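Subject: A structure for you to explore

Hi there,

Here is the structure I promised to pass on to you. Have a look around first, and then read on with the viewer open.

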Amino acid sequence: MPSADRTEFGEYLRRRRAGMIPPEPGAGARASRRRVPGLRRQELADLAGISVEYYTRLEQGRAPRSSREILAALARAFELSRAERDHLFRLAGEPPPEPESPEAAVRPGLLRMLHGLAGTMPVTVHDGRLDLLALNTAAAELLQPLAATGPYGRNIAYQVFTATALPDLLGDEGAELLVRVAAAEFRGALSRYPGDRYLQALRAELAATSTSFRDHWERGEVETRRSAVKHIRHPAQGWLNFDIEMLHDPERDHWVMLYTPRDPA
């Protein structure tokens, strides 16, 4: 870590330590007078499980580059939020830790927006594992042929590779493109969450039951599409064109997919 980075890293540690609330003295204990706000270096070092000498060198910008284990211990000691922890890692010259899995709950404000747009456009929300978390009534009507049940029924890759009516929904060319993208997106999900047992089990299930999945998986493609134009058969209105835009919430690893209608084909 360059000297300037070590200095900024040390300053960040000092500011965080100064903002922490000192522990209350125990019953009968005599509290020593504190000359500065926050925790003492010894107290913070004890919380992080490191020596006070080493922690002091960190604050002074004199310590060598910290290991990821030390950075994680400091983040726990400071009770940092995910964004604060990620900032700490970046200051130390390390990429932030990858989450073990996406958040399960969709933000309430996003849910209100999703349902408020039901009369305007279909909207879905899925996570980084490709599990469909929410959709409005317009999306449920449009995408009903992809609906599936069972332990993987919410997963988009599972829906795509098990749907029998995919060409009826998208046409032959659109269906082939979607299965190709689904396999590539699924490979990307596995790379983000390599230890996820759910994704590993789903891969095994698809490999055992879907020839199409096996064929596309062998291509080794990885992809994340942020926008597209889709030609979709609406159950009541026939063939329609949609501009697809995907918005990402990196904190929760949620993807919002907006289907903006074009003129009918």
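Below I go through what was found, starting with the sheet and ending with a few single residues. Please keep in mind that this is a predicted model.

**The sheet**

A good place to start is the open sheet, where 5 strands follow the order S2-S1-S5-S4-S3 with antiparallel pairing. Strand S2 (132-135) and strand S3 (227-234) have a single partner strand each and stand at the edges, so one side of each is left without a neighbour in the sheet. On average, neighbouring strands of this sheet are turned by 25° against each other, if direction is ignored. In case the pairing is new to you: strands of a sheet pair through backbone hydrogen bonds, and they can do this in a parallel or an antiparallel way.

Now zoom in on one pair. Strand S1 (residues 123-127) and strand S5 (residues 254-261) run antiparallel and are joined by 5 bridges. To find your way, look for Val123, which has Leu258 of S5 standing opposite.

Which helix lies across S3 and strand S4 (238-249)? That is helix H9 (residues 166-192), and its direction makes an angle of about 150° with S3.

**The nonpolar cores**

The largest nonpolar core is made of 36 residues, and Phe161, Leu166, Phe186, Leu199, Ile232, Phe242 and Tyr259 have the most contacts inside it. At least two residues of this core come from each of H8, H9, helix H10 (197-209), helix H11 (211-217), S4 and S5. H9 gives the most, with 11 residues. A second, separate core has 26 residues, among them Leu13, Ala48, Leu74 and Ala92.

Leu166 is worth a click. Apart from its neighbours within four places in sequence, Leu166 is in contact with Leu146, Val160, Gly171, Ala175, Leu178 and Val179.

**Gln159**

You will find Gln159 in helix H8 (residues 156-162). Is Gln159 buried or exposed? The relative accessible area of Gln159 is 9%, and buried means under 20%, so Gln159 is buried. Setting aside neighbours within four places in sequence, the contacts of Gln159 are Leu132, Leu146, Ala148, Gly153 and Arg154.

**The loop between S1 and S2**

Two residues here deserve a visit. Gly128 is found in this loop and counts as buried, because its relative accessibility is 0%. Not counting residues up to four places away in sequence, Gly128 touches Pro102, Ala189, Arg192, Tyr193, Asp253 and Trp255. If you would like to try the distance tool, pick the C-alpha atoms of Gly128 and Thr211: they are separated by 24 Å, and the two residues are 83 apart along the chain.

Leu130 lies in the loop between S1 and S2 as well. Its relative accessibility is 5%, so Leu130 counts as buried. Its phi is near 75°, a positive value in a residue other than glycine.

**Another positive phi**

Some background helps here: most residues other than glycine have a negative phi. Glu79 has a phi near 55°, which is positive although the residue is not glycine. Where does Glu79 sit? Its place is in the loop between helix H4 (68-78) and helix H5 (82-91). Glu79 counts as exposed because its relative accessibility is 65%, whereas Leu130 is buried at 5%.

Enjoy exploring, and write back with any questions!

Best wishes

Conventions
Residues are numbered from 1 along each chain as its sequence is written. This is a predicted model: local features need pLDDT of at least 70, side-chain atom pairs count only at pLDDT 80 or more; totals for chains, interfaces and linings use all residues. Side-chain values use heavy atoms; hydrogens and water are left out. Two strands pair if DSSP finds at least two bridges between them. Helices (H or I, at least four residues) and strands (E, at least two) are DSSP runs, numbered from the N terminus. Axes are lines fitted to C-alpha atoms, for helices over the stretch in contact, and angles run from 0 to 180 degrees between N-to-C directions. Contact means heavy atoms within 4.5 Å. Buried means under 20% relative accessible area, exposed over 50%, partly exposed in between (1.4 Å probe, protein chains only). A nonpolar core is a set of buried Ala, Val, Leu, Ile, Met, Phe, Trp, Tyr and Cys residues joined through side-chain atoms within 4.5 Å.
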